[in-house]
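Open the model in a viewer and keep the selection tool at hand. The tour below goes from one selection to the next and says what is there.

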Amino acid sequence: MLTAREDETLEQLLSMLERFVKERLIPNEHRVADEDAIPRDIIEEMRALGLFGLSTPVEFGGVGLNMSQEVQVAFVLGQTSPAFRSLIGTNNGIGSQGIILDGTEEQRRKYLPLLASGEIVGAFALTEPNAGSDASSLRTTARREGDVYVLNGTKRFITNAPEAGLFTVMARTNPDEKGAAGISAFLVEAGTPGLIIGPSDRKMGQKGTHTADVLFEDCRVPATQLLGGVEGQGFKTAMKVLDRGRLHIAAVCVGVAERLIRESLRYAMEREQFGKPIAEFQLIQAMLADSRMEAYAARCMVLDAARRRDEGQNISTEASCCKLFASEMVGRVADRAVQIFGGAGYIADYGIERFYRDVRLFRLYEGTSQIQQLVIARNMMREAS
């Protein structure tokens, strides 16, 4: 439960973000899509507003939001192009949470202030060409040689890899252990010899958000960069990070859906056919109502799961429920938005088709919808046994 002072501070933050989204981010959506890059001046404004350190503890230079507060921020940031949120998202999520949760005190002091200020961008290197949904089958190796580990392998679809200054890398330290227990996590700085960034991927959507392969060729990393200083804990760290990340992505999906609903309603009330606004036709009203209902349900789910996490509950099932429902929901909302806009929804000038492409990714990363179903069902069976 927030105190009155904390509640007032959060309201001020949300109000500031709403103005920033409306006045600076939304007007630049088309530019980001056309140029496949976020303007440098906007990145600097995001740094000045503290957006790179929203979830970083205050003692390390961050804002220190809890999960309930963070998802409310995500609702607001989701109201614009996902590219803006994605740039800061790794610093607040998968790029920093492993350090916050399991890093040594020295690792926290060294990297968290840099991530919180946006001086460096974090990236999370788990997925590989042959290890996506089955992340525990990863093949990247980390061989101990005295005071260093030698990393070899390839990571794929790594968000913010071209911009990243620090990579949290999952690698197998125990070749005899083929499962999750043989995986460790390493903090690898950009520019380390043997770390190679491939060309940026050409994607269906989310222009302005860059992903790329990350290659390790005899990349020598000091043993002090082993996350938490303990081998064999990397996969457990990854799963804890993903639980929080899934909840955050679900909140972003809610924000995007609410933006699309607002745009659809406005257009339906302005667009006339057969002598009256199309919003007066019941089949249009049905699509608007279904979208509003589903977005509201997803918002309630996210807020409930976030509260449970702040209370210290294990929310593995709830996080997967939220991510599954919200990502599928926003896909349906985007599809209805195109339908309501009709031919205009298919034209780039209106921006609806861009969101239609952008939201498709939400059902894939941080665990596909099918992986969420497996997590939910397996947790149900485990709890019932």
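Helices and strands here are DSSP runs, numbered from the N terminus, with at least four residues for a helix and at least two for a strand. The model is a predicted one.

**Strand E5**

Select residues 183-189, which form strand E5, and pick out Ala185 within that strand. Is Ala185 buried or exposed? Its relative accessible area is 3%, so Ala185 is buried. Now show what surrounds this residue. Leaving out residues up to four places away in sequence, Ala185 touches Val169, Met170, Gln225, Leu226, Leu227 and Gly234. For a distance across the model, draw a line from Ala185 to Glu311: the C-alpha atoms are 27 Å apart, and the two residues are 126 apart in sequence.

**The three domains**

Colour the protein chain by domain: domain 1 is 4-117, domain 2 is 121-230 and domain 3 is 236-384. Ala185 lies in strand E5, at residues 183-189. Next, place centres on domain 2 and domain 3; their C-alpha centres lie 30 Å apart. At the contact between these two, 9 residues of domain 2 meet 12 residues of domain 3.

UniProt annotations, from an unreviewed entry, can be selected in turn.

- Residues 8-119 carry the UniProt feature "domain: Acyl-CoA dehydrogenase/oxidase N-terminal" (unreviewed entry). This span is 67% helix and 0% strand, with its end C-alpha atoms 29 Å apart.
- Residues 123-219 are listed by UniProt as "domain: Acyl-CoA oxidase/dehydrogenase middle" (unreviewed entry). Here the chain is 0% helix and 51% strand, and 17 Å separates the end C-alpha atoms.
- Residues 232-380 are covered by the UniProt annotation "domain: Acyl-CoA dehydrogenase/oxidase C-terminal" (unreviewed entry). The span is 74% helix and 3% strand, and its end C-alpha atoms lie 27 Å apart.

**Helices H1 and H3**

Go to helix H1, residues 4-25, and select Arg24. With a relative accessible area of 24%, Arg24 is partly exposed. Beyond its neighbours up to four places away in sequence, Arg24 touches Arg19, Asp41, Ile42 and Glu45. Met301 is 277 residues from Arg24 in sequence, and their C-alpha atoms are 30 Å apart.

One of those contacts, Ile42, leads to helix H3. Select residues 40-48: in H3, Ile42, Ile43 and Met46 are buried. Where do the buried residues of H3 fall when seen down its axis? They fall within an arc of 105°, so they line one face of the helix. An α-helix has 3.6 residues a turn, so residues three or four places apart point the same way. Turn to the other side of H3 to find Arg40 and Ala48, which are exposed. After H3 comes Gly50, with a positive phi, near 80°.

**The nonpolar cores**

Hide the surface and show the largest nonpolar core, which has 44 residues. Which of its members touch the most others? They are Leu247, Val256, Leu260, Val302, Met329, Val330 and Phe362. The elements giving two or more residues to this core are helices H4 (67-77), H8 (234-270), H9 (282-310), H10 (316-341) and H11 (352-358). H8 gives the most, with 13 residues. The core draws at least three residues from each of domain 1 and domain 3.

Centre on Val330. Neighbours within four places in sequence aside, Val330 is in contact with Cys253, Val256, Ala257, Val359 and Phe362. Apart from this core lies another, of 25 residues, among them Leu14, Ile43, Leu65 and Leu87. Ile43 is also one of the buried residues of H3.

**The loop between H10 and H11**

Select Ala348, in the loop between H10 and H11. At 43% relative accessibility, Ala348 counts as partly exposed. Not counting residues up to four places away in sequence, Ala348 touches His30 and Glu353. Leu151 is 197 residues from Ala348 along the chain, with 44 Å between the C-alpha atoms.

**Cysteines**

Finish with the cysteines. How many disulfides does the structure hold? The structure holds 0. Cys300 is in no disulfide, and the nearest cysteine sulfur, that of Cys322, is 10 Å away. Its relative accessible area is 36%, so Cys300 is partly exposed. Cys219, by contrast, is buried, at 0%.

Notes:
Residues are numbered from 1 along each chain as its sequence is written. This is a predicted model: local features need pLDDT of at least 70, side-chain atom pairs count only at pLDDT 80 or more; totals for chains, interfaces and linings use all residues. Side-chain values use heavy atoms; hydrogens and water are left out. A disulfide is a pair of cysteine sulfur atoms within 2.5 Å. Buried means under 20% relative accessible area, exposed over 50%, partly exposed in between (1.4 Å probe, protein chains only). The arc is that of the directions from the helix axis to the C-beta atoms. UniProt positions are given in the numbering used here, feature names are shortened, and annotations may be inferred rather than shown by experiment. A nonpolar core is a set of buried Ala, Val, Leu, Ile, Met, Phe, Trp, Tyr and Cys residues joined through side-chain atoms within 4.5 Å. Domain bounds come from an automatic or database domain assignment. Contact means heavy atoms within 4.5 Å.
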